[in-house]
Amino acid sequence: MTEIDELLLRWQASLCKQVSPGGLLARSPTAHKWKATYRSLVLRECVFWRTHNLLTQAHVLFKSGHILGSRILLRSALESVATLIYLNQMTERVLERTLDFHTYSAKTSQLLLGSRNQSTKHTSINIVTVLEQCDKKYPGVASVYATLSESAHPSYEGVCFGYSRVDFDRDETSFSNNWSAMWADRHESLVKLIATVFEHEYNDVWTPQIERLEAWLVEHDVELEASKGEGV
């Protein structure tokens with residue numbers, strides 16, 4: 001069993017099965033009467049489920065030699081982790097008083113419930129915007145995403161270079177599947193990168209942050225009640 005297989009099995013055993021508003025209210029009635037904390041928790045766990053699912057499928061495809069499909073799924077996994085990073089960045093800004101809490105609350109609705117096909121009443125936040133913010137914390141994330149996107153899109157790499165080679169001396173084009181030769185040696189490092197960032201944000205950032213946010217909400221409850229509006 002490879003290191004990645006072991007990681008995915010460990011994650012599978014740790015997936016959260018259920019959360020309830022009642023449990024949060026019992027923990028801190030004042031802090032968790034604000035729905036943003038519940039949305040933050042649900043989003044965190046949904047990202048965990050999605051990232052695990054995507055990395056699992058990407059690894060299955062990789063082991064079967066389907067490198068292009070694997071890279072497309074890795075791109076989606078990176079987008080998912082970026083959503084959690086973005087959530088944590090916004091939470092930090094609330095605690096620093098550089099982001100209004102009610103705006104933050106509305107943003108958690110967008111992150112959790114947003115769509116582009118109008119299937120919900122919330123419009124999703126553009127993933128490029130999310131990644132630009134994530135790149136400020138993890139320089140290079142946007143570059144990794146751009147490279148994966150070249151594989152996913154029908155661009156030069158995604159079409160021409162992925163499936164053909166030119167013999168300029170003979171002026172001939174030969175066709176073949178070149179994805180393994182191009183990217184197979186990067187799979188393991190990319191999975192580890194995505195997994196490492198996710199675990200840090202899930203365990204080391206979100207957990208202490210939610211405790212700080214709980215205390216902050218209790219401390220500022222009167223002020224927030226007086227200023228509350230949409231998105232709460």
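How many residues apart are Phe 101 and Tyr 104 in helix α6 (residues 101–113)? They sit 3 residues apart, which puts about one helical turn between them. This is a predicted model, where local features need pLDDT of at least 70, side-chain atom pairs count only at pLDDT 80 or more, and totals for chains, interfaces and linings use all residues. Residues are numbered from 1 along each chain as its sequence is written, and side-chain values use heavy atoms, with hydrogens and water left out.

**View A. An aromatic pair in helix α6.** Searching the whole structure turns up 10 aromatic pairs; rings of Phe, Tyr and Trp (its six-membered ring) pair if their centres lie within 6.5 Å, and planes under 30 degrees apart count as stacked, over 60 as edge-to-face and the rest as tilted. Phe 101 and Tyr 104 make a tilted pair, because their ring centres are 5.9 Å apart and their planes meet at 40 degrees. Both Phe 101 and Tyr 104 are buried (under 20% relative accessible area; exposed is over 50%, partly exposed in between, with a 1.4 Å probe and protein chains only). Helices here are DSSP runs (H or I, at least four residues), as are strands (E, at least two), numbered from the N terminus.

**View B. Phe 198 and Tyr 202 in helix α11 (residues 187–219).** With ring centres 5.3 Å apart and planes at 35 degrees, Phe 198 and Tyr 202 are also tilted. They are 4 residues apart, about one turn of the helix. An α-helix has 3.6 residues a turn, so residues three or four places apart point the same way. Phe 198 is buried at 1% relative accessible area, and Tyr 202 is buried at 10%. Trp 11 and Phe 48 join Phe 198 and Tyr 202 in one aromatic cluster.

**View C. The buried face of helix α1 (residues 3–14).** Ile 4, Asp 5, Leu 7, Leu 8 and Trp 11 are the buried residues of α1. Down the axis of α1 they fall within an arc of 160 degrees, so they line one face; the arc is that of the directions from the helix axis to the C-beta atoms. Exposed Glu 3 and Ala 13 are on the face turned away from the buried side. Among what covers the buried residues are α4 (35–63) and α11, where contact means heavy atoms within 4.5 Å.

**View D. The β3–β4 hairpin.** Strands β3 (residues 164–167) and β4 (residues 172–175) pair in the antiparallel sense over 4 bridges (pairing takes at least two DSSP bridges). Val 166 stands opposite Thr 173 in β4. In the turn, Asp 171 has a positive phi of about 55 degrees.

Notes. The expected span of a helix is 1.5 Å times one less than its number of residues.
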